[in-house]
Amino acid sequence: MHIEDLAALIQDDVFVPVRIDAAGGVDILLKIEGLNPAGSIKFKTALAMIADMERSGRLKPGATVVESSSGNLGLALSIVCRALGYGFVCVSDPNISPATRDMIEATGGRMEPVTETDENGGYLGTRLRRIAALLDRHSGWVWTNQYGNPAAKWAHHRWTGPAVRRRVDRPDFLFVGVGTAGTAMGCAEYFRINAPDTRVIGVDSVGSVTFGQTPGRRYLPGLGASQQPPLFEATMLDEQVIVPETETVTACWRFRRRHGFLIGASTGTVLAGIARHAAAGAIPPGATVVALSPDLGDRYAATLYDAAWIGSRYADLPPDIAEALAA
């Protein structure tokens, strides 16, 4: 199998109309990325990085790829590497969902877990130090480095941005979650060139340092970082929105109640970010709003959608969510 064969499997044209209950209601188009192979937008990131490393000669036949991931990219790389004949090692942490961890192992990847937090209370610094140690120990291993690899941006300049414009030529707003920053920066670069009037809004979690905020404990994988990703450029975003994890949980559970299927935490954070932006009066009536949904929620049944797990970590949830947890 070749990169082109895998790229043909990308599902880039699924959009769902969603109404956000804020400021009288905001109608958006939610771009569903969870139908891609590996179940997330990170399938495109994995393809772009591996293709770039093959073209440059850095990735030799039979080599082993190593990457730091709290879930989605790890699974995407595990599948892509298996299909192309490479080994894969995923350096992860306790925030990875058990289902994603099991899927990485089932598709041939090897888990390399870390358990100690870094100086900012997260795991990214610890994971990166583990990668450095592994590269020192194994001369034939190659790090894709999603945090600083321009190919991680190019994936969304090549695929995601154009897919949005095939559906809505010039949206007024595009809301994108900012984790490792590749998706957000790639989309922002694409829209700056091709639809400069579109306002690209970055959304991140409270406790993440990416937007210059104070570091703090985070339980949900996907968005957020305990070190600012090298790819991140604040000037590429028109605005930034910070969302507490309680609002992410609320958005996910309300989405399930209204629409019947599960969304991932990153998607819930983006939807909560739109609600915050609308409540602040920053989205005019009738604006065309598109948001990226990086993954669905099937792999979070034991965490994000488990009442005991949520109840042990979050207080002060809205009454409707507290009632749903107690049901």
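# A walk through a two-domain model

Across the interface of domain 1 and domain 2, 13 residue pairs are found in polar contact, both residues being at pLDDT 80 or more. A polar contact here is a pair of N or O atoms within 3.5 Å; within protein, one must be able to donate a hydrogen and the other to accept it, and residues adjacent in sequence count only if both atoms are side-chain atoms. Please keep in mind that this is a predicted model, in which local features need pLDDT of at least 70, side-chain atom pairs count only at pLDDT 80 or more, and totals for chains, interfaces and linings use all residues. Residues are numbered from 1 along each chain as its sequence is written, and side-chain values use heavy atoms, with hydrogens and water left out.

Let us stay with the two domains for a moment. Domain 1 is made of residues 6-36 + 150-326, and domain 2 of residues 41-143; such bounds come from an automatic or database domain assignment. The contact between them draws on 32 residues from domain 1 and 29 residues from domain 2, where contact means heavy atoms within 4.5 Å. Measuring from centre to centre is another way to place them: the C-alpha centres of domain 1 and domain 2 are 23 Å apart. Together the two domains bury about 2400 Å², with 60% of that on carbon and sulfur atoms. Buried area is the accessible area (1.4 Å probe) that two parts lose on being put together, summed over both.

Charged side chains also take part in this meeting, with two salt bridges counted between domain 1 and domain 2. A salt bridge is a side-chain nitrogen of Lys or Arg within 4 Å of a carboxyl oxygen of Asp or Glu. Which elements give two or more residues to the side of domain 1 that touches domain 2? They are helix 1 (3-7) and helix 6 (150-167), and helix 6 gives the most, with six residues. Helices (H or I, at least four residues) and strands (E, at least two) are DSSP runs, numbered from the N terminus.

Now look for Lys44 and Asp12, which form a salt bridge whose closest N and O atoms are 2.8 Å apart. Both residues belong to a network of salt bridges that links Asp12, Lys31, Glu33 and Lys44.

Glu33 leads us on to Gln11, since Gln11 is in contact with Ile32, Glu33, Leu35 and Asn36 when neighbours within four places in sequence are left aside. Gln11 sits in the loop between helix 1 and strand 1 (15-20). A polar atom of the Gln11 side chain lies 3.2 Å from the backbone oxygen of Leu9. Gln11 counts as partly exposed, because its relative accessibility is 37%; buried means under 20% relative accessible area, exposed over 50%, and partly exposed in between (1.4 Å probe, protein chains only).

Across the whole structure, a search finds 20 salt bridges. One of them joins the side chains of Lys153 and Glu189, at 2.8 Å from N to O. This pair links distant parts of the chain, with Lys153 in helix 6 and Glu189 in helix 7 (residues 182-194), 36 residues apart. Is Lys153 buried or partly exposed? At 13% relative accessibility, Lys153 counts as buried, whereas Glu189, at 23%, counts as partly exposed. Another salt bridge is that of Arg58 with Asp52, where the closest N and O atoms are 2.7 Å apart. Arg58 is partly exposed at 43%, and Asp52 is partly exposed at 24%.

Arg218 offers a contrasting stop on our tour. Where is Arg218 placed? Its place is in the loop between strand 8 (199-205) and strand 9 (239-243). Arg218 is buried yet has no salt bridge, and the nearest side chain of opposite charge, Glu245, is 5.7 Å away. For charge, Lys and Arg count as positive and Asp and Glu as negative, while His and the chain ends are not counted. A polar atom of the Arg218 side chain lies 3.3 Å from the backbone oxygen of Leu223. Not counting residues up to four places away in sequence, Arg218 touches several residues, among them Asn95, Ser205, Gly224 and Glu245.

Finally, visit Thr250 in helix 8 (residues 245-259). Thr250 is buried, with a relative accessible area of 7%. Beyond its neighbours within four places in sequence, Thr250 is in contact with Leu317, Pro318 and Ile321.
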